[in-house]
Protein chains: 4
Amino acid sequence: MIKVGIAGASGYTGVELVKLISNHPKATLCAVTSNSYKGQSLTNIFPSLRGFKKAGFENLICEDLNISSLSQRIDVMFLALPHKVSMKVVPALLEHNIKIIDLSADYRFTNAAAYESAYQKHTSKHLLKKSVYGLSEIYRDKIKTSNLVGNPGCYPTSILLPLIPLLKEGLIRPDNIISDSKSGVSGAGRSLSPSTHFCEVNESFNAYKIGNHRHTPEINEVLSKYSRQGKIAITFVPHLLPLTRGMLSTIYVQAANNVSENEIRNTYLSYYGDEPFVKILDKNMYPAISHVKGTNSCDIGFHFDKTSHQIIIVSAIDNLIKGAAGQAVQNMNILFDLDEKTGLNLVQGPL
Amino acid sequence: MIKVGIAGASGYTGVELVKLISNHPKATLCAVTSNSYKGQSLTNIFPSLRGFKKAGFENLICEDLNISSLSQRIDVMFLALPHKVSMKVVPALLEHNIKIIDLSADYRFTNAAAYESAYQKHTSKHLLKKSVYGLSEIYRDKIKTSNLVGNPGCYPTSILLPLIPLLKEGLIRPDNIISDSKSGVSGAGRSLSPSTHFCEVNESFNAYKIGNHRHTPEINEVLSKYSRQGKIAITFVPHLLPLTRGMLSTIYVQAANNVSENEIRNTYLSYYGDEPFVKILDKNMYPAISHVKGTNSCDIGFHFDKTSHQIIIVSAIDNLIKGAAGQAVQNMNILFDLDEKTGLNLVQGPL
Amino acid sequence: MIKVGIAGASGYTGVELVKLISNHPKATLCAVTSNSYKGQSLTNIFPSLRGFKKAGFENLICEDLNISSLSQRIDVMFLALPHKVSMKVVPALLEHNIKIIDLSADYRFTNAAAYESAYQKHTSKHLLKKSVYGLSEIYRDKIKTSNLVGNPGCYPTSILLPLIPLLKEGLIRPDNIISDSKSGVSGAGRSLSPSTHFCEVNESFNAYKIGNHRHTPEINEVLSKYSRQGKIAITFVPHLLPLTRGMLSTIYVQAANNVSENEIRNTYLSYYGDEPFVKILDKNMYPAISHVKGTNSCDIGFHFDKTSHQIIIVSAIDNLIKGAAGQAVQNMNILFDLDEKTGLNLVQGPL
Amino acid sequence: MIKVGIAGASGYTGVELVKLISNHPKATLCAVTSNSYKGQSLTNIFPSLRGFKKAGFENLICEDLNISSLSQRIDVMFLALPHKVSMKVVPALLEHNIKIIDLSADYRFTNAAAYESAYQKHTSKHLLKKSVYGLSEIYRDKIKTSNLVGNPGCYPTSILLPLIPLLKEGLIRPDNIISDSKSGVSGAGRSLSPSTHFCEVNESFNAYKIGNHRHTPEINEVLSKYSRQGKIAITFVPHLLPLTRGMLSTIYVQAANNVSENEIRNTYLSYYGDEPFVKILDKNMYPAISHVKGTNSCDIGFHFDKTSHQIIIVSAIDNLIKGAAGQAVQNMNILFDLDEKTGLNLVQGPL
C-alpha cells in the first residue's frame, strides 16, 4: 500500500483528495495537515465523512506540516496548499525522498520568469527543471520517472487537453485561439469572500479577471511548446457559474489550410481513443457538466464549419477531479506504476 | 457473482441502481429493461455512463420485460417500475425462482385494504403474506429468508428509522406524531410535469399533498406494529426542495412519562450504534442533506425539551440511495448473505 | 413627500428599503448610512442600482450615523442595523422628533427581561412602553399614533399572522403549537460566514438553532397576549433553504373542542378578507414561495383534519419584504396616514 | 390609457407582459388569450398574480384569439405566440387597425428567404417590407411611424446592441466575430421538455445547437446592414445556464487598424450615453446577470487588448425583459409617443 499524506486537507481540493485516497485500493491515508483546523479530526471538519469506520477518519487529526515527522510515515505527499506555501516545503520534502504532487502553481512552470510575472518571486527555481507538468495524458512518460509533479490548474486542463493534439499536428492556426471558460464556485475554494456568498452567486453569472487571470501564462507556456510558429498568446475569459462543481470551456480556433473534419477527428482518436479519461464525442454530440461531474473524465466534442474553417471545441471536466484531485491521483498511479485507472473508475450516475 | 437485472433502468431510481450494481464487487449487471427506451443502450440514455468500458454499458441494451428470457440470465431482479406495473410481473418472476426487490409500493403492505385505499386493486394479494418490508436495519432477519422484498418508500425510510426504536421501547406517545418532511426534486422522477420544470421549482418551496400523500398509510401500517396503544395515524406533510437529491424529516413527538434524554440516546445507540448506515449524532448536532448526499446513510439527531417533554428528531437521507436504490442493494446483500456494506461504503466528500 | 433616511443601507434589508423607497410615490430617499461602506455611493456598492438617474443613486453617499446632521434632513428613519446598535441611536433620534422604524429586535419586546434573556442588556428600557410592535395588520391603530415602531422579525411575521386570529377567537388550543419554518439564505444577511458560502448551502438543507433561536421569545411574547390560558411556549424549528429569498412556515395546531373548518375559514376571512397583504387561499390551495417572492404578501392556506382535529397551516412570505423592508414601509404608510398599499402594490410575475 | 391585448398570456413571456402592462401608468390590460388555458383566469394560472384587486386579474379570463371581437376592445396587441402562429393572425389584425408588437420571429426579417431557411414558409411576405425590427435604441425612428414591430430575439438583442455602433463606425473587422452566449432556462419557455426538467438542468451547463441556432440568421441579417465589407457570418454558440432568468454574451472581435480604446469608449458613449436602458460600464467593470435581472437594461463592458487588437465585449440583459417583454413595452411607448421609460424604470435591488 502506498502511504499517503495530504497537506491542506481542510480545503475543497484537500478533502476531495481525502475521498479519492480513501476509496483507492492501493493507497492508505496516513497523515493530513491543516493550518486552520490543527488538532481537529477530519470528521469534525467534514461531517459527511462521519461513520466510515473502516477509513478511520475519526482518528485522522489535522497536524502541522512538520516534514521530519511526516517523512517517517509517508511515501507521497499531495500539497493542496496556496501558491507560495508549497515552495516553502517542497525542497525539504524532496530531501527526505518523499514523492510530491503539488496542486499549487509553484512547480507548473518551466520558465521561472513566467511564474514570477503571474505569482511572486520563486525561491527554488532550480527545481523547475526537475519538476514535471502533471497533465497525465500528455506527460505520463516524464511523470513516471519524476518525484515532483506540478499538477495542472483546472482551466488549463480543460483547455490544453483538446488543443495540444491539434496544435502539435499542425491542424490549427496558433494565433487567435480563444477559450471562453466557465467554472463552478468550488473552484474559488473554501475561504470566505463576497464572490462566494450564496446570495451573490445564486441566479447570477459573470466574467471575471478578463485579460489577467493567472492561468493564462500557464496555458501559454504549455501551448507554445507545441506551436510551429512561435509563442502562443491565448485569449482566455473565465466566468463563474452558479453551481458547485464542474467546468466547461468553449474554444474557438481556426483550422490550418486544407484541414478536414476527419483529420481532426482522427487526430483526436489517435491521441485519446485508448485513454480511459478523455472521451471524444461523436459528431453533433457535446459535453455537459452533468456528464462528467464526479468523474475524472475530460469530455471533448467539436464542430467544424467547412465555410469558415472555424473549429468550435467544447470540453468539460469536474474542476475538483480531473481539474485537481483526480488528476493528482492519476499522477500518483503513474508515479507508482499502477494502472492509471486505479481508484478513479467508479461509475457515476447522471444526478 | 450475483447476476442482476434491473427493470425500469431509464428512470432516476433505475439508473442509480445501475450505478451501484456496476460499482458492486460481487454483482454483475446482466440485463436492463425500459419501456420508453427499448432498444437503446444505457450510454445513449445517460451520457454520464459513457466510457466505462469495463462496465460494458455500451453493450447494455434496454430490452422488453420478457420474463422467460430474463430468468435464464439473472439471479435477482430489481423492479424500479411504477406502482401497478410491478404487480403484473412479480408472480411470474417468482415462479422462475428469481429473487425480487420491488421498489414500487406494490409489496410494501401487509394489509391489502390499506394498499388498495391508497393505490388500486391488488392483483396478487396472496403474495403480501410472503413479501417482506425491506427496511433493512429493522427487518433483516426476515429479509434473509425471503425472495420478495417490498423496498420502502423514501419518506417512510426517513421517518420509520428514527421512530421505531422509540415507539417499540415505549419512550414516546403514539398519538400526535408529526413529520414535516422535505424532499429534493429527483423524488418526483424523470417524467415531465409542470412541478418538475426548472423555472417552477427553482427558487421556490412548497408543501404538497397535505393530508393525502400515499406514503402516509405505508408509514402508519409499519408504525402501528410497534404501538402499545392501538393504531397510529401520523401527521405527515411533504414539501418540495429546490435541489436534486436528498431528504430531511423534522419529526415532533411527545416523550412518554418520565422518559429522560439519556434513555432516548441509549435506546438509539442500542439499536443503531453498530449499524454502518444509521448514524446517531452527538447532542446539539443535527443532520444536513449535504452530509448524506451520495451515501446510504440515515443521519439522526434529536433535541429533547425537558420542560415540554417534546422530542424534535431530525433525520436525513439521500432519497435515491437509502431512500431507494441503496437500501435495495443493502437488501440484496442481505438476501445473498453478503456483508451489508458491500458496494455501499464508498467515502463521499462534502461537495 | 416624506423625507426618508435609511441606516445600514448596505445590508440586504437596507438595500431592499432603498429599492422600495425609491419606487414609492410619496417618499424621497434623503440619506443613507453605512458603517462598512462610508463615503461610497450606493451604485458603487450595488451595481444593480446603476443608471437609475432619476433616483439619483449616484449622488447618495453612505454617511456616518450622525444624528444631529441627519435630523435636519429627514422625517423618518429606518434602522436596518444589528441588534444593540439600534439602542444606541434611538433615544437621540426621538429627541430630534424623527419617527423611527427599527428593523432590529431592540424595540420589539414589551418585556425587557424577555429581550435581555435572548439578546443583551437593554439600555433604554423605558422606551419599550412607547414602542409599538409593527405587525401592521394587527397593530395598525397603535402604530398610527406612535413614533417608534419595532418592526417584527421575519419568522415571527410568518407565524403570528396566521396564529393570532385563531388564538384570539379561541379556536385553537394554546399548548403544543409547532412551527416548522424554512428561510432563504438572504435571511442570514450579507456578512460572510461558512453557513452562507455557496458551496455549503447549495444542494443542501438543514435545521439550525433548534430550541434556542432568538425569534422564539418574540413569538411567545406576542402570542401569549392572545392566549386565554396562560403563557404560550411555541415549538419553533428554523431551517435553511438553498434559495435566496422567501420563507415558508408549516404550523401544526390542535383545534379547540367542536371547532369546524368553516369557523376557521370565516375567522380568517373576517380578519384578513379585506387586507391587501394577507391572502387566505381557497380550500386545498397552499402557498409557495414563488407566489409571494417580490411582494409584500403573506399567503395562508390550511388543512383541517376532522378526525384528529389537527389544523395544518402553511404561510409564505418574502422574508426581505413582508418579513422586513416591505412591512417597514407599510408601517411608514400607517405612520404618515397614507394608503397602506402605497409603493407596495406592484404586480409581480411568477418568475 | 392605451388599451392592450396580450396573445399567449400563459407563457413566460406573456405573463411578463401582463406584469409590465399592469404596472404601466398609461396602459390597461383589456384582453388576454391563451390556447392551453382558454376560459381560465390569469390568477388561476399564475397564483403570484392573486390578490392584486386593482389590476383585476380575477376577471381577466383567457379567451380565444378572435380578432373581430378583440379589435373592438384594444389599441395594441402583443403577440407572445410561437413562430408561425403569429403569421396567421397578423394580416387580419392589421386590417382592423390594431398596432402589433410581435414577439415571435415572424416579422423580424427583411429578407423572406433568410426567414424561410431558418423557420418555415412565410405566408405574408409582403408585410416584411412594412414591419420594423424592434431593436428600440437603433430603430426608434422607424418604429415611431410603424404599426407592425418584429420584436428582436433575446440573444440578438444582447449581441446587436454592443456590436452595431462599432460596426457602423468601422471600428471592428466584420469577419471572425464570435459570440459565446449564455441564457437562463426561462428562455426555453414554459412547455415541458427533458431539457427543462429541474434535475437535468440543475448543477449542469452545456452548449447547444452549435452551428444551427435560429437566432444566427437574425443576427447576421441585421449586422450585415452595418458592414462596410459584405455580409457578416457570426459564430454564435448558445449555452444553457442553471438559473431562471438572465442572459450574458461574451463577444470576441478584432479592432480595425489603428483603433484605440478611447475611440471605442467614445463611440459607445455617443450612441448610448443618453440611453436609459443601455449602460456602458467603466473600464475594468463588467456586467453580471444579477445587475440586470428584473430590469430593462442592457449592461455593456469591454476589454481592449493593445497587443492583439482584440476586443472582448460582455453584455448582459434579462432575457424576459430587455430580451422580450420589456423591449416590447419600450416599443409600445415609442409607438404611442410616450417617454420610453414609462412603466420600465422601477428600481431593482441586487437580490
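This passage describes the contacts between chains, the domains of chain A and one helix of chain B in a predicted model. Residues are numbered from 1 along each chain as its sequence is written, and chains are lettered from A and ligands numbered from 1 in the order in which they are written. Because the model is predicted, local features need pLDDT of at least 70 and side-chain atom pairs count only at pLDDT 80 or more, whereas totals for chains, interfaces and linings use all residues.

Chain A and chain D each contribute 35 residues to their contact, two residues being in contact if their C-beta atoms, placed from the backbone, lie within 7 Å. On the side of chain A that touches chain D, at least two residues each come from β8 (178–183), β9 (206–207), β10 (235–240), β11 (247–254), α11 (289–292), β13 (298–305) and β14 (310–317) of chain A. Helices (H or I, at least four residues) and strands (E, at least two) are DSSP runs, numbered from the N terminus. By class, this side of chain A comprises 19 nonpolar, eleven polar and five charged residues; Ala, Val, Leu, Ile, Met, Phe, Trp, Tyr, Cys and Pro count as nonpolar, Asp, Glu, Lys and Arg as charged, and the others, Gly among them, as polar.

A turn of 180° and a shift of 0.0 Å along the axis lay chain A on chain D with an RMSD of 0.0 Å. That is the relation of a two-fold axis. Copies are superposed by least squares on the C-alpha atoms of residues with pLDDT of at least 70 in both. Of the interface residues of chain A, 100% are also interface residues in chain D, so the copies meet through the same surface.

In the contact of chain C with chain B, 35 residues of chain C meet 35 residues of chain B. The side of chain C that touches chain B has 19 nonpolar, eleven polar and five charged residues.

Within chain A, domain 1 spans 2–130 and domain 2 spans 155–319, with bounds from an automatic or database domain assignment. Their centres, taken over C-alpha atoms, are separated by 27 Å. Eleven residues of domain 1 of chain A and seven of domain 2 of chain A form the contact. Helix α5 (residues 112–118) of chain A gives the most to the domain 1 side, with three residues.

In chain B, helix α4 (residues 85–95) has the buried residues Ser86(B), Met87(B), Val89(B), Val90(B) and Leu93(B). A residue is buried if 20 or more other C-beta atoms, placed from the backbone, lie within 10 Å of its own. The buried residues of α4(B) pack against α3 (67–71), β3 (76–79), β4 (99–102) and β6 (148–150) of chain B. Just after α4(B), Asn97(B) adopts a positive phi of about 60°.

Technical notes:
A residue is buried if 20 or more other C-beta atoms lie within 10 Å of its own, exposed if 12 or fewer, and partly exposed in between; C-beta atoms are placed from the backbone.
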